[in-house]
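Dear colleague,

Please find below the structure I am handing over to you, followed by an account of what was found in it. I would be grateful if you read the account with the coordinates open.

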Amino acid sequence: MAISVPPLPKGVRPIVGDHLAPLALGARERRWRSAVNYAAVVRRRVLPAPRLPEHPAYPKLFVVGCPRSGTSWVQAIITAQPRVISSSESHAYETIFENTVNRAGSRIDAWTKVLHRHDLSEREARWVGLHWWVNRATLLDLIGWALHQGEADRAEVAERVIQGVFDSYFFEMGGDPQHVLLEKTPGHLNDSARILRRYPDARVIEVVRDGRDVCVSLQMQGLTAAWPPKDRRGQIELWVRSMQRGAALHADPALADRVLRVRYEDIKADPPAHIARLLAFAGLDAGAAEIATTAELTDFGRHQNTGAGSHTRKGSVGDWRNHFTPDDEALFRELATAEFEAAGYRFD
């Protein structure tokens with residue numbers, strides 16, 4: 001199955017090349033772009049504050065989990081339904097919230113970092129980032145609004161800008177309250193409680209997978225990407241942290257009924273049953289024939305260009321047995337037994 005590339009917002013440069021081979025700007029160009037972006041933000045500070053458009057509420061669905069757990073598969077399953085609008089990973093909370101709320105610095109510097117990251121991601125044709133959701137002009141309007149909020153709570157301002165990013169894409173793509181917005185960024189697991197409190201109409205799907213298979217998938221992705229932990233301890237600890245954050249989310253009685261945990265292995269074992277469960281949780285009606293078609297279209301056997309280093313691998317359950325050493329197994333038991341068993345997994 002070829003990767004389906006979602007439409008980009010108007011005014012965003014086309015994505016070219018392969019998702020593992022982005023363009024790379026030189027150091028001189030990066031410094032120039034940084035100065036340009038700083039000037040653009042300063043200019044928005046002195047211009048009149050723009051008014052943000054008011055939009056009706058609409059259902060939102062966030063797919064999260066430890067990276068390499070099958071979140072892309074779950075996204076593909078749900079976006080096969082005609083009422084769903086989605087795009088590539090936005091990393092909105094990492095890009096906006098982290099830079100403007102969780103890090104020290106002036107508001108000008110903080111919002112320049114947001115714009116600069118959008119700018120570089122677009123120019124380097126990255127396959128994730130804010131540019132999949134909002135163009136530069138609209139982002140600058142949102143930044144201009146944020147800079148005029150005076151002493152308003154920074155977290156509230158950041159969340160309103162993030163909402164503006166989602167709204168911009170959703171309504172540009174023809175969304176209305178009968179549609180569902182699906183945003184899939186695995187790391188938004190860290191922000192899921194904040195997301196659910198912000199949006200009363202939102203739901204979260206947490207995808208979990210045997211941590212040993214996750215470690216192997218991280219290992220293989222690390223052959224061509226810089227972000228995965230390269231050592232086994234780091235891979236295991238990433239999985240453990242994700243499982244702990246998911247457990248905390250499910251333990252919150254105010255939020256738990258809007259969170260669904262789905263295991264990768266369960267979907268593999270009985271795709272129609274678990275596709276039906278996912279769609280029902282998302283509020284999407286689908287009959288048996290539609291579910292069967294979705295299962296066929298999203299089956300791993302239809303993927304092309306799979307293998308070590310590819311974004312999509314073969315998706316096997318238990319592939320860790322081909323890669324784990326006895327020391328790896330012992331380390332996983334030492335670090336991850338509690339989270340492993342709490343998620344319903346059992347050692348052989």
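Which backbone nitrogen lies 2.9 Å from a polar atom of the side chain of Glu 122? In this model, which is a predicted one, that nitrogen belongs to Arg 13.

Glu 122 itself is part of helix α4, which covers residues 107-123. Its relative accessibility is 8%, and because buried means under 20%, Glu 122 counts as buried. Once the neighbours within four places in sequence are set aside, Glu 122 touches Gly 11, Val 12, Arg 13 and His 131.

The overall picture of the chain is as follows. The protein chain contains 13 helices and 5 strands. A compact globule of 348 residues would have a radius of gyration near 20 Å, and the 21 Å of the protein chain therefore agrees with that expectation. Along the principal axes, the C-alpha atoms fill a box of roughly 65 × 45 × 40 Å. Of the 348 residues, 50% are buried. Among contacts with a separation of 6 or more, 79% are between residues 24 or more positions apart.

As to surface and charge, the protein chain exposes about 15,700 Å², of which carbon and sulfur atoms supply 52%. There are 45 positive and 43 negative charges, and the mean positions of the two sets are 6 Å apart.

A second site that merits description centres on Arg 198. This residue is placed in helix α7, residues 192-198. Is Arg 198 buried or exposed? Its relative accessibility is 19%, and since the limit for buried is under 20%, Arg 198 counts as buried. Leaving out neighbours within four places in sequence, Arg 198 is in contact with Glu 156, Glu 159, Arg 160 and Gln 163. Two of these contacts can be described at the level of side chains: a polar contact of 2.9 Å joins Arg 198 to Glu 156, and another, of 3.0 Å, links the side chain of Arg 198 to that of Gln 163. Arg 160 lies 38 residues from Arg 198 along the chain, with 9.5 Å between their C-alpha atoms.

Seen from the other side of this site, Gln 163 sits in helix α6, which spans residues 154-172. Beyond its neighbours within four places in sequence, Gln 163 is in contact with Arg 198 and Tyr 199. By way of a long-range reference, Gln 163 and Gly 318 are 155 residues apart in sequence, and their C-alpha atoms are 39 Å apart in space.

Finally, two loop residues deserve a note on backbone geometry. Which phi value does Arg 68 adopt? It is near 75°, a positive value in a residue other than glycine. Arg 68 belongs to the loop between β1 (60-65) and α2 (71-79), and its relative accessible area of 13% makes it buried. His 91 also has a positive phi, near 50°, and is likewise a residue other than glycine. The loop that holds His 91 runs between β2 (84-86) and α3 (92-102). With a relative accessible area of 16%, His 91 is buried.

With kind regards

Technical notes. Residues numbered from 1 in each chain as written. Predicted model: local features only at pLDDT ≥ 70, side-chain atom pairs only at ≥ 80, totals over all residues. Heavy atoms only, no water. Helix = DSSP H or I, 4+ residues; strand = E, 2+ residues; numbered from the N terminus. Rg over C-alpha atoms; globule rule 2.2 N^0.38 Å. Buried < 20%, exposed > 50% of the residue type's maximum accessible area, 1.4 Å probe, protein only. Contact = heavy atoms within 4.5 Å. Areas by Shrake-Rupley, 256 points an atom, 1.4 Å probe, with all protein chains shown as cover. Lys, Arg positive; Asp, Glu negative; His and termini not counted. Charge placed at Lys NZ, Arg CZ, Asp CG, Glu CD. Polar contact = N/O pair within 3.5 Å; in protein donor to acceptor, adjacent residues only side chain to side chain.
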